[in-house]
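This report walks through the internal space, the charged contacts and the aromatic contacts of one protein chain. Please keep the sequence and the structure at hand while reading.

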Amino acid sequence: MTTAPERTADLYPTRGTTEVITPRKDPVVWSQPGAEGPFSASDLGDFERDGFFAIPELLTAEEVAVYRAELDRLVHDPDTRADPRSIIEPRSQSVRSVFEIHRLSELFAQLVADPRVVGRARQILGSDVYVHQSRINVKPGFGASGFYWHSDFETWHAEDGLPAMRTVSVSIALTENHDTNGGLMIMPGSHRHFVGCAGATPKDNYKKSLQMQDAGTPSDQALTTMADRHGIRLFTGRAGSATWFDCNAMHGSGDNITPYPRSNVFIVFNSMENTAVEPFAAPVRRPEYIGARAPFVPVR
């Protein structure tokens, strides 16, 4: 297993007076070569190089139907809508996201613990893992807003206190991803540098950022430079496809003005060895349902 550098200081400064770009100081793949799991050695090599790996069919059509029905149930449940874990779309007032779905739904808890899912997280992170965040994203047609360019680690470091880039996400499509309905975009190779953003973190920033990203977004100049260097990959595919991506990959998605919804399950795994500390650039911690600091039940 790769050994992380000793952490006596903040290795990834952000939310200061100026934007600072820092070379990555952590491994991308933490496990030893030949570690057992669903990923092949070639798959892990691609993930290390690009910062992501797409799987055309993680779930079968039958499984997709089950999870899609559960998503629809949660979104239309009045109690779920009234729950603070639900984020409401500003324009349409429809549900945008529902957090902590592995606690709200036994079905999604089973998906989190599926060896096809958690097994890949353990391979990438080289340790046992827990769920730092889970949610369903609902991007209905006719105007659902997108997610602006950002590195998830920038927020998890600044506002949740995760010290190392030892966290990985998977987005599992429950509807077809067209090239027109607001799909995920990633800059391949962007995970190799950390963009420390300018500007302080407002109090209770999460209440605004979960509807529209503002604090923690790179400058236009930084994004242009990264896009020129790395290019942009748009992910399309059938329902049941999945994309694994590194916590520091620069990514975003556009608005969905088509009639075709785009919904997905989003699960973030953190290494059990990447213990959260106090936020590096925020006055208070975010709620546990957005950034869990320790496992509720270890994923097995």
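## The cavity and its lining

The largest cavity in this predicted model holds about 60 Å³ of space, and a search of the whole structure for cavities of 30 Å³ or more finds one. Its lining draws on several stretches of the sequence: Glu-159 contributes, as do Thr-201, Pro-202, Asp-204, Asn-205 and Tyr-206, together with Ala-282, Pro-283, Val-284, Arg-285 and Arg-286.

In chemical character the lining of the largest cavity is mixed, with five nonpolar, two polar and four charged residues. The charged members are Glu-159, Asp-204, Arg-285 and Arg-286, whereas the polar ones are Thr-201 and Asn-205.

## Salt bridges

Across the whole structure, 17 salt bridges are found. One of them joins Asp-50 to Arg-49, with the closest N and O atoms 2.8 Å apart, and Asp-50 counts as buried because its relative accessibility of 16% falls under the 20% limit.

A second example brings together the side chains of Asp-114 and Arg-116, at 2.7 Å from N to O. The two partners differ in their surroundings, since Asp-114 is buried at a relative accessible area of 14%, while Arg-116, at 27%, is partly exposed. In a further salt bridge, Asp-128 and Arg-122 have their closest N and O atoms 3.2 Å apart, and here Arg-122, with a relative accessibility of 27%, counts as partly exposed. Salt bridges also link Asp-83, Arg-85, Glu-100 and Arg-103 into a network.

## Aromatic pairs

A pair of aromatic rings is described by how far apart the centres lie and by the angle between the planes. The search of the whole structure finds nine aromatic pairs. In one of these, the ring centres of Tyr-12 and Phe-153 are 5.4 Å apart and the planes stand at 85 degrees, so the pair is edge-to-face. This pair links distant parts of the chain, as Tyr-12 belongs to the segment before β1 (20–23) and Phe-153 to helix α7 (residues 152–160), with the two positions 141 residues apart in numbering. Both Tyr-12 and Phe-153 are buried.

The rings of Phe-245 and Phe-266 have a different geometry, with centres 6.0 Å apart and planes at 35 degrees, so this pair is tilted. Phe-245 is found in strand β11 (residues 242–246) and Phe-266 in strand β13 (residues 262–271), so the contact ties together parts that are 21 residues apart in sequence. Phe-245 is buried, having a relative accessible area of 2%, and Phe-266 likewise counts as buried, at 4% relative accessibility.

## An aromatic cluster and charges over rings

Phe-39, Phe-53, Trp-244 and Phe-269 form one aromatic cluster. A member of that cluster, Phe-39, also takes part in a contact with a charged side chain: the charged end of Arg-120 sits over the ring of Phe-39, 5.0 Å from its centre.

Which ring lies under the charged end of Arg-96? The ring is that of Phe-147, and the charged end of Arg-96 sits over it, 4.1 Å from its centre.

Note on methods: Residues are numbered from 1 along each chain as its sequence is written. This is a predicted model: local features need pLDDT of at least 70, side-chain atom pairs count only at pLDDT 80 or more; totals for chains, interfaces and linings use all residues. Side-chain values use heavy atoms; hydrogens and water are left out. On a 1 Å grid over the protein atoms alone, a cavity is a set of points where a 1.4 Å probe fits but cannot get out, and a pocket is an open set with protein on both sides within 12 Å along at least five of seven lines; lining residues have an atom within 4 Å of a point. Grid points are joined across faces, edges and corners, and a volume is the space filled by probe spheres set on the points. A salt bridge is a side-chain nitrogen of Lys or Arg within 4 Å of a carboxyl oxygen of Asp or Glu. Buried means under 20% relative accessible area, exposed over 50%, partly exposed in between (1.4 Å probe, protein chains only). Rings of Phe, Tyr and Trp (its six-membered ring) pair if their centres lie within 6.5 Å; planes under 30 degrees apart count as stacked, over 60 as edge-to-face and the rest as tilted. Helices (H or I, at least four residues) and strands (E, at least two) are DSSP runs, numbered from the N terminus. A charge sits over a ring if NZ of Lys or CZ of Arg is within 6 Å of the ring centre and within 35 degrees of the ring normal.
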